[in-house]
Amino acid sequence: MNKYHKHYDVIVVGAGHAGCEAALAASRMGCETLIVTINLDTIAKMSCNPAIGGLAKGHLVKEIDALGGEMAKNIDKTGIQFRRLNTKKGPAVRSSRAQADKKAYQDEMKRVLERQEQLDIKQVLVEELLTDNGRCVGIKSQTQTAYYGDTVILTTGTFLRGTVHIGDVSYSAGRAGESAAEKLSDSFLNLGFEIGRLKTGTPPRVNAHTIDITQMEVQPGDENPLPFSFSTEKITQPQVPCYLTYTNEKTHQIIRDNLHRSAMYSGRIVGIGPRYCPSIEDKVVRFADKKKHQVFVEPEGMDTEEIYLNGISASLPEDVQVEMVHSIRGLENAEIMRFGYAVEYDFAPATQLQPTLETKAVPRLYFAGQLNGTTGYEEAAAQGLMAGINAALKVKGEESLILDRSQAYIAVLIDDLVTLDIREPYRMFTSRAEYRLTLREDNADLRLTEIGRQIGLVDDEAYGRFQKKSASIQKELKRLDETRLTPNAATVDKLSQIAETGKLKQPTVLADLLKRPELCYNHIERLSPSDEELPDSVKEQVEIQIKYDGYIQRQQRQIHQFKKLENLRIPDTFNYVDVHGLKTEACEKLEKIRPTSIGQASRLPGVSPADISILMVMLHQHKR
């Protein structure tokens, strides 16, 4: 075995969305970092849909940006359609989504990695983890070269013993057309890790010249697209529309007639697929009463004619896929360029991790991304960022960064993974965040930028911009709380022209006026403008903080109670077996997960409030 001449602080295996964020975070925090990938041409590749964000996922992207990550900046440079979702609902569930120029996104992220100081990039197939005295010290490549480092982060995506299925054909691959990592799973097993199998899939891609968009519904982007990154002033590149069509009864009959030929329904796939993004076979079987399903027709880029058919992910044989696609309105003559497929891969249940994403069994080894059982680019990138941060902090001998559920969707994601023993692909939703009113997209920078600054990921320019915004918000909140309108004829007349609000019967401060449901900040601005030009992001923040003040205060009280339990730390050496009165199931769960706090223990399935009460008494005695 050859030894590579350079020693690294952090080694990242895999250059998907998790790996890119991990490597950039570690190197930007001053660590000598190496990122290795099977193919340099597929860095940050969008294996599935060519889009970033979506419901709850947009929150993750904004939080990654606030902490100093790259995903938001990259999609702002390469997005070809931006949309704000749930705009008619409350601010807690509003989310951003952008269609990406798939190849441009890859190329731009590769360019960022290549230009990053203290970051080396290599095309390497990893076959083994190297350990010494029980801790991870490096990796060994297929060519028998050892790369040594103080920490190792694995972000292997769908490549661990990946198997692609199309109908009755199966072959080893991490993605269609790309090699799988066949031997690395053996290294996992030899180190004592539990391994499971999951499944995901993609739909067919078709040639744009062969479809009839006149038979479809146009899905335009926003007229004034909002950037993802807090550092992007404006989206300037051209935007393109997407289109919507539907499956029909003929489509469904074709699928039903060929279910026995589907890899998923023939019994050849054992991995569990994503519940919230089912294949078209699954939709037809599980939702038999539905007469149609949506098919979003999405361009993959400005310089390609390839179109992604979002909504009909399939593992059917190629001839059936052709028949299925041709049964859909507007796709009658569509020429398939890439056939859909399912891919099975190994994953490691994330209960084997600390909240830092360091493995419990092997110190200095971190897992991130689909390896932990998640789906989606955004979930992967969020984990990669946190793994990169914590690996760098470990190397520096500094305290780890563990966000709690009241601080970020990123924290909800990681806490769920390491606590709940999830055995199916995990996807983020706003409903998973119990404090979602305070964890909004619009305030991600206000929540997390200071943390990003403290760990060294937010540069002077971004921090200066953040400070200016924060000061503007506070100044305007103070102005609205102190400026009082008197009910004179001019004011009442102006108010009646703006909205049906009734008469102003007594002097009223602008903040109280803004709390009226029929008024928004723009109305207040017409009544009493600020003495400075405020950006829309400041106006939005001021309006939300004033209008939802009562609800926000109530949630802050809930967060205060939550933090009391989170701050009750449980020693690593605490012996649950000796705690009399704990149910057997609770004891087993607590011993397996080894929660870091009473708060985390209370979220474990099988641990009841009675168990927590007993645990708190014993913990108090333990400290005496």
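**Exercise 1. Count the secondary-structure elements of the protein chain and place I75, Y308 and E566 among them.**

Solution. In this predicted model, the protein chain holds 20 helices and 23 strands. Residue I75 belongs to helix 3, which covers residues 71-78, while Y308 sits in strand 18, covering residues 306-310. Residue E566 is part of helix 17, which spans residues 549-566.

**Exercise 2. Decide whether the radius of gyration of the protein chain agrees or disagrees with that of a compact globule, and describe the extent and surface of the chain.**

Solution. For 624 residues, a compact globule would have a radius of gyration near 25 Å, and because the protein chain has 26 Å, the two agree. Taken along the principal axes, the box filled by the C-alpha atoms is roughly 85 × 75 × 50 Å. The accessible surface comes to about 26,800 Å², and carbon and sulfur atoms account for 48% of that area. Of the 624 residues, 57% count as buried. Turning to contacts between residues at least 6 apart in sequence, one finds that 72% of them join residues at least 24 apart. As for charge, the chain carries 80 positive and 85 negative charges, whose mean positions are 4 Å apart.

**Exercise 3. Work out how many disulfides the structure contains, and explain why C31 does not form one with C136.**

Solution. The search of the whole structure gives 0 disulfides. A disulfide requires two cysteine sulfur atoms within 2.5 Å. The closest cysteine sulfur to that of C31 is in C136, and since it lies 15 Å away, it is too far for a bond. On burial, the cut-off is a relative accessible area under 20%. C31 has 2% relative accessibility and therefore counts as buried, and C587, at 15%, counts as buried as well.

**Exercise 4. Describe the surroundings of I75, Y308 and E566, stating for each whether the residue is buried or exposed.**

Solution. Begin with I75, which has a relative accessible area of 0% and is therefore buried. Beyond residues up to four places away in sequence, I75 touches I52, F82, A98, Q99, A100, Y105, F228 and Q237. Its C-alpha atom is 9.3 Å from that of E108, a residue 33 places away in sequence.

Continue with Y308, which at 2% relative accessibility counts as buried. Among the residues that Y308 touches, with those up to four places away left out, are C48, N49, P50, P203, P204 and R205, and also F296, V297, E298 and E300. Between Y308 and S537 the sequence separation is 229 residues, and their C-alpha atoms are 33 Å apart.

Finish with E566, whose relative accessible area of 11% makes this residue buried. Apart from its neighbours within four places in sequence, E566 is in contact with S597, G599, Q600 and R603.

**Exercise 5. Find where N86 and Q118 lie, and state what sign the phi angle takes in each.**

Solution. As background, most residues other than glycine have a negative phi. Residue N86, although not a glycine, has a positive phi of about 60°. The loop that holds N86 runs between strand 5 (79-85) and strand 6 (95-100), and with a relative accessible area of 25% N86 is partly exposed. Residue Q118 likewise has a positive phi, near 65°, without being a glycine. Q118 is located in the loop between helix 4 (102-115) and strand 7 (119-123), and its relative accessible area of 32% makes Q118 partly exposed.

How values were computed:
Residues are numbered from 1 along each chain as its sequence is written. This is a predicted model: local features need pLDDT of at least 70, side-chain atom pairs count only at pLDDT 80 or more; totals for chains, interfaces and linings use all residues. Side-chain values use heavy atoms; hydrogens and water are left out. Buried means under 20% relative accessible area, exposed over 50%, partly exposed in between (1.4 Å probe, protein chains only). Helices (H or I, at least four residues) and strands (E, at least two) are DSSP runs, numbered from the N terminus. The radius of gyration is taken over C-alpha atoms; the globule rule is 2.2 Å times the number of residues to the power 0.38. Contact means heavy atoms within 4.5 Å. Accessible areas come from the Shrake-Rupley method with a 1.4 Å probe; for residues, only the protein chains shown count as cover. Lys and Arg count as positive and Asp and Glu as negative; His and the chain ends are not counted. The place of a charge is taken as NZ of Lys, CZ of Arg, CG of Asp or CD of Glu.
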